[in-house]
Amino acid sequence: MVLLLLGNQASGKIRIGDHILKLQQYIYQPKRMTCAYGLFSWFEKLRRSEKYHYTKMEKPTKENMLDLFIRPGEPCCMPKGNENILFKISDEKTMYDRYRHEIELDEERFGADKVKKIEVRRLSMENIDKFMELSRDEAFSVFVPKHAKLAGELTRVFMEAECWEDFLALAVRCRDKLNPVMFYYAYSVALLHRPDTKDLSLPSPCEYFPNKFVSARTLAMAKEVAYVMSTTDSKPIPLREQKQTASDIEPEHSLAYFREDLGINMHHWHWHLVYPGDGISEIVVKNRRGELFYYMHQQIIARYDFERFSNNLPRVKPFDNWRKPFDEEYFPKLDSVTGSKISGRQNGAVLSNVNREPYLISIDQLQRWRDRILDAIHLGFVWDEAGQKVELTEDEGIEILGNLIEASELSKNSAYYGNLHNSGHVAIGLCHDPDNRHLESIGVMGDNAMAMRDPIFYRWHTFVNDIFRQYKDRLDSYTVEELDHKGVKVTGLNVISKNYRENNVFRTFWEESNIDVSNGLDFAARGAARIRFTHLNHELFEYKIDIENSSPTETKGTVRIFMAPKYNDRKLPLNFAEQQGLMIELDKFSVVIPPGSSSHKRLSTESSVTIPFERTFPEGRKDLEEMTEAGKSVFNYCGCGWPQHMLIPKGNELGLSADLFVMVSNYDVDMYDVPVKKCCKDAVSYCGLKDSIYPDRRKMGYPFDRPPPKGTDGTVVKTLDNFCQLTENMAFTEVKIIFKNDTPTDDDDSEAAR
Ligand code: CUO
């Protein structure tokens, strides 16, 4: 009979399953049950194998690698995305221990014609158990050396896969077994760095880990909307950063729009993916990596202080007394990827020794590391692991210190100088439960996608920046020759608002933008779930720089645009030394300067420090796309860069005064001729150029990274005006930043949500 059935099936006329089901119904009668049990089991196996016989398996495409980001908590055997993609490995029993039987039912649940099976290569991975040392529900932190090493090792495994198909096979094998945050960290780093995958544009982390960016309460509402609406045009759920984490009683909460901004936190997450501290050398060793660690974080602090002045708050104080209770509490209202609540920090909490595997940090040790680093700075050299002196030269010093203080794998001597910055993140992140007696996991300071939400992040990084500052203060000031571009004179600097047609005014305002987070809502219905973010933005503007070239031939220059507040929070004018530390870079680009007078224009959306608006908020604004080339090429950006909507600080309603500075330095001295490679593009100033050396030979922050030089009168310059008088290729102009406080109301919220 079986042969007959198989024969009919082979002819393609009869489905074997139909006959087997009839046989099963016959055999299920009680009297025949016992004797037929063996036969039934065999039939059942045959029936299940038939599904695979009838379902077409497809070969993966490289783009399928991005499908692994969809619903990271749902196993690979659950359909992913609009195409309902399922990843299959022939020995899948080793993959889905919990769902060994259930996964075979997938087609019955979703319909065989509605799923698309992607057949992934069978590839053994002998050391997978090693990566399972970190359980799935433990908090992963790249600031913890043991975690960073493990993630670095996993990245190495992914990097060494012979082709992207093998890489995909390994990733599918690991995805459902390993700690999800560690897996996605290592997977993303490898995707960004492998020659055969670096052209893929990674999804925004908010789309697959929305819990790191959106409050648990809002996500619960998003799940409800996804379940009820199940259409792509459901109304967005408002997330009001200004109301999300604290009330106005807390003065620091007035900065929440900056600290909790989606784009800023995504930038920080992405920066650490591009510059991991551990892993194989082709990932970690990057041109001027240590210096960029210093500069990118220095710019964050300068921008934060600018925002503080916008809100009548004083500059952030360094967190340098580690025995004193914290002044600022923070309660993030976020859940971890695995569902537990991310702990907050009470007012009066104190830093104490951390004694919970794998976190072991003593404050005495932190102090020793700090003192040894300061000794190195003031002696002018570090001791390397071989006991040799390595001089902190003008050229290499900042690079050595960046890697030493962070500390990355490139530290000259991690046994002696330790792991100061990373350990500080961990110790602060665990101050609420340093010995694990309450089984609370690490706070936001332990996660680089969330750390910038906490006010203490800025105090910690101000402390770190002050160490770098001590090194910079020991260097010579720039000479006139080092600042000048002979024959080049800046004769005019204006900024023109495109819509208002007014000079030297930046206009800022609140704006609302949506993101669909449904790809990150594990085990929820498959409808769209759009969250509406309220964020700062500014009117599109254009710089106009007038230059006079007195030489008879054309020349090239590097235009460097910075801005600093003019007055402090008490409305007192800032001197040059103070303004130097507050200068935020707005743009840097090269120009060809013909002989005589010329005018050069540059749009705000072309900034070298930002990634396009649409990269943060993919729904984007169509009118912007029409206006700019940057908008059109948005998907050529890899994702690292300051968000365009946060380029200009908030200012205030009366107009915050600031100094806009421009320098046209000598391109022949500044720039390497860097070949532009065909791949996605990051914001160069804060992220470097992918696969290339950093495209500026000057030190990062030039010309404001050294002590103030002597002015034309022979005394140290005291004002920006004195400084600009040193050479003709520098100029500044006073600008106002006017903020329009048009906050959407609660009524708008409720209407939008329902
Ligand atoms: Cu980016 Cu402390 O390194 O945050």
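Start with the largest cavity of this predicted model. Select domain 2 (62-200) and domain 3 (249-473) in two colours. Both domains give residues to the lining of the largest cavity, so the cavity lies between them. About 150 Å³ of space is enclosed there.

Now show side chains. The lining has 15 residues, and those nearest the cavity centre are Val181, Lys212, Trp269, Asp447 and Asn448. Centre the view on these five. Which helix gives the most to this lining? Select helix α9, residues 180-193: it supplies 3 residues. Colour the lining by class next. You should count 10 nonpolar, 3 polar and 2 charged residues.

**Second cavity**

The structure holds 7 cavities of 30 Å³ or more. Go on to the second largest, with about 90 Å³ of space. Select Gln298, Gln580, Gly701, Phe704 and Asp705, which lie nearest its centre among 13 lining residues. Then add the helices. Both α16 (289-310) and α23 (576-582) supply at least two lining residues each. The top contributor is α16, with 4 residues.

Which domains should be coloured here? Take domain 3 (249-473) and domain 4 (481-516 + 537-753); the lining draws at least three residues from each. By class, this lining divides into 6 nonpolar, 5 polar and 2 charged residues.

**Largest pocket**

Next, leave the cavities for the largest pocket. Its volume is about 1000 Å³. Ile70, Pro203, Glu207, Asp516 and Asn519 lie nearest the centre, so to find the spot, select these five of its 44 lining residues. Elements giving two or more residues to this lining are α4 (64-67), α10 (205-208), α14 (262-274), β10 (505-516) and α24 (613-616). Show α14 on its own: it gives the most, with 5 residues. Colour the pocket lining by class. It has 16 nonpolar, 17 polar and 11 charged residues.

**A helix pair**

Hide the lining and show two helices, α20 (residues 420-429) and α21 (residues 455-473). How do they run relative to each other, roughly parallel or roughly antiparallel? Their axes cross at roughly 160° and come within 11 Å. Angles over 145 degrees count as roughly antiparallel, and α20 and α21 are therefore roughly antiparallel to each other. The crossing of α20 past α21 is right-handed.

**Backbone stops**

Switch to a backbone view. Most residues other than glycine have a negative phi, and most peptide bonds are trans. Three places depart from that pattern.

- Zoom to Glu406 and Ala407. The peptide bond between them is cis, with omega near -5°. Ala407 sits in the loop between α18 (397-406) and α19 (414-417).
- Move to Tyr702 and Pro703. They are joined by a cis peptide bond, with omega about 10°. Look for Pro703 in the loop between α28 (684-687) and α29 (720-724).
- End at Asn312. Its phi is positive, about 60°, although Asn312 is not a glycine. The loop between α16 and β5 (354-356) holds Asn312.

How values were computed:
Residues are numbered from 1 along each chain as its sequence is written. This is a predicted model: local features need pLDDT of at least 70, side-chain atom pairs count only at pLDDT 80 or more; totals for chains, interfaces and linings use all residues. Side-chain values use heavy atoms; hydrogens and water are left out. On a 1 Å grid over the protein atoms alone, a cavity is a set of points where a 1.4 Å probe fits but cannot get out, and a pocket is an open set with protein on both sides within 12 Å along at least five of seven lines; lining residues have an atom within 4 Å of a point. Grid points are joined across faces, edges and corners, and a volume is the space filled by probe spheres set on the points. Ala, Val, Leu, Ile, Met, Phe, Trp, Tyr, Cys and Pro count as nonpolar, Asp, Glu, Lys and Arg as charged, and the others, Gly among them, as polar. Domain bounds come from an automatic or database domain assignment. Axes are lines fitted to C-alpha atoms, for helices over the stretch in contact, and angles run from 0 to 180 degrees between N-to-C directions. Angles under 35 degrees count as roughly parallel, over 145 as roughly antiparallel, 65 to 115 as roughly perpendicular and the rest as oblique. A crossing is left-handed if the near helix is turned anticlockwise from the far one by less than a right angle, and right-handed if clockwise.
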